[in-house]
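Reader: Could you take me through one part of this model up close? I'd like to hear how its pieces touch each other.

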Amino acid sequence: MRKKIVSLALAGVLTMGLVLTGCGSSDSGDGAAPAAEASGSEETSGEKPYEGVTLKWWGGNAENNAGTQAVMAAATEKLGMEFEVEVNPGGSEGDNILKTRMASGDLPDFMVWNSGSKLHELNPSRGFLDISDWDIVQKFDDAFLSSVTIDGAIYGAPQSSTQAGAVIYYKPDYEELGLEIPHTWDDFVANCQKLADAGKTPVYFTGGETWATQVLFLGDYYNIAATNPTFADDYTNGTAKYANVAEATRSWTKYEDLVDFLNADKSAATVTDGNFAIGTGEATHWFILTQQLPLILENAENPDDIGVFGVPGDNADDHGLTVWEPMSWYVSKDSEHIDAIKAFLEFYYTEEAMDLYFGTYGANGPSCIKGYELPESVCSAVRVDMQKYFDEGKTCPALEYQSPIKGTACEQMTTAVGLGQMSGAEAAAMYDDDCKKSAVQLGYDWE
Amino acid sequence: MKTKKEQSLYPIWFVLPSLLIFGIFFLWPIISSLYYSLTVWNFETAKFCGLDNYKLFFSEHSMSSSVVHTLIYAFGTSILKVVLAFFIAIFLTSKIRTKGFIRSAVFFPNLVSMMAVGLAFSYMMHPTKGLLNVVIQALGGTAVDFLGNPNTALASIIATDVWKGLSISVVIYIAGIQSIDKTYYEAASIDGATGWQKLKHITLPLVAPSQNSIIILSLIGGLRSFDLIWAMTGGGPGFSTDVLASVIYKQYAAGFYGLSTAGNVVMLILISVIAFPLQHFLNKREEAIQ
């Protein structure tokens, strides 16, 4: 017994010692670094004012694209600062990382994150800088600004262009079978039937990367809003439910209609597989965010082979597009290099940098920078197919920009319905329960 | 009197550091998690809400089904490991030539990280391109969507877990079998016992202590398993392989900190409720044998 106690005590002392030394060394490390960096930046003020500054940023692979890298390289050339990316693995994994880092005060200098309800969910005032007084804010259009404004504070700046949750399709299949772009859901299903009869895969489904399965549901919001203009507010207040608004339930049952039209590996396919499948015509339709367009085009033989249309509803005369505001840049309020980030973002929204970005990478949709026109090199899917909806005013911001509440298990449910494991009506009711949890967490009183 | 008291206090000082660490890093979190499980918590403010989190946890289908999946997973992996490992261990303690090599081969899966195993198996189980389905189709069968079909997904993960975790059980069994006194077998042989009789009446009862450790270890491991499931299906398709730990993780990732803490408390209770009586029962059995 005595031996046991002694060994326990020894182990305790050892652990204690480890803990103490661990703290000590990390403290001194943290203290020394900024001092060195600060003195470094003072010495070289001149032509490249931010030489020697390294900005750490956090973003997903879609944001750390060739366009962003080109603009960052140009900024290094011009302003001197270096960039170091930390990759966001995406999905709930990524949510978790950012939330944890924010709670523990360990944010990178700046980062890319969603606008709209997912920004609300973060409670951004505790980690992100309010950039209302920065000049660049004047350049952003109002729809974008409203998606990054919380309690009068503006937190974000658009990382890219707007995008839509829509159907991306392979045009040669349509030409081959003489199909028309469907303006109602029934026409769409009829097209799928014809494609299936012709031995093609009508719809691509990515059960291996669940976030992407939500796009049919989320992109159908235009059709809900068209018939229920007050849905967003009623839903936020807890009076409108997916299970008891017919058009809203329909967003879920649409998955049922497609169960027989999906790819063979629907349960395991990933978004990368989807980029390839649509780009090469392996499948014809894909309900996906148009942020995938540039990546799909990398696989396409001819950029004009790829087209976009909005998720069809029941009214052929009102076929619209559900629009997402871009992901945004956010600045950590604890960053030691706020000046450098400000200078970088000022550069980011010059015409030169934007042309470089969209010219290198392509665009997901029309830009939300006032008065800026996308370069000619951007694909026709964006400049013709999507622009048409914008010109006709047939666009509607996605629900996540109009209500802070979004069910967090949404992607599991859309996957389950899409794979035919539960009915749309069941999922609608389940989703209402899921939203209730978000509402409670955000302090709404739903009964 | 006084000196006696001092003497009894004296060793306490040695325990104190570890007691402090235990208190700060184990006891305090458990107590505070009990409190936070009763609140709506966002790290800054915690609003007391009584037992609502627990009600929500059990009323929602996706969460209560996770309890069932957890139990299936824990008992499934545990039983398979206990049974399969026993026969492998018997085989590996018999007189075979390549014993050393086979023993390392059996132990090998355990050296690979859980994540790597999960990813490798999920690629092998891919419905169209996976190795398993390519083989099945080459042999004229129809492709099985191992991880995409809710009826087979959990079983596929259980099979992977058994493949990976079997070796530890085998090692424990081997140690147990080798420590059995050879004279029992000699005596049995002289009495004319068959191999099967020796196995049933000597090996099986005397290996009980090792067997008990295996049951407890693999059951607790199964109850709180997370990494393999997360790597292979992420709880999907839909909710069909969600276990307690993955649901808790998702609630946490979604920012429902109070709710996920309640889930952790439920898991703690579930593990205790199963593990303690089981251990008690197994100890009884062990004593009875001896």
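**Where the domains of chain A meet**

Author: Sure. This is a predicted model, and in it eleven residues of domain 1 of chain A are in contact with eleven residues of domain 2 of chain A. On the domain 1 side, the elements giving two or more residues to that contact are α4 (117–122) and α5 (142–147) of chain A. Sort that side by class and you get four nonpolar, six polar and one charged residues. As for what the two domains cover, the domain assignment has domain 1 of chain A as 47–158 + 327–361, and domain 2 as 163–325 + 391–441. Their C-alpha centres lie 29 Å apart.

Now for the neighbour. The contact between the chains takes 36 residues from chain A and 34 residues from chain B. On the chain A side, α1 (2–43), α3 (91–103), α17 (410–418) and α18 (424–441) each supply at least two residues, and α1(A) gives the most, with ten residues. By class, that side of chain A has 16 nonpolar, 13 polar and seven charged residues.

Over in chain B there's a helix pair to look at too. Helix α2 (residues 52–59) of chain B packs on helix α13 (residues 257–289) of chain B at an angle of about 75 degrees, with their axes 9 Å apart. Angles of 65 to 115 degrees count as roughly perpendicular, so α2(B) is roughly perpendicular to α13(B). From α2(B), the contact uses B:Asn53, B:Tyr54, B:Leu56 and B:Phe57; from α13(B), it uses B:Gly258, B:Leu259, B:Ala262, B:Gly263 and B:Val266. That makes six nonpolar, three polar and no charged residues in this helix contact.

How values were computed. Residues numbered from 1 in each chain as written. Chains lettered and ligands numbered in written order. Predicted model: local features only at pLDDT ≥ 70, side-chain atom pairs only at ≥ 80, totals over all residues. Axes fitted to C-alpha atoms, helices over the stretch in contact; angles between N-to-C directions. Helix = DSSP H or I, 4+ residues; strand = E, 2+ residues; numbered from the N terminus. Parallel < 35°, antiparallel > 145°, perpendicular 65-115°, else oblique. Contact = placed C-beta atoms within 7 Å. Nonpolar A, V, L, I, M, F, W, Y, C, P; charged D, E, K, R; others polar. Domains from an automatic or database assignment.
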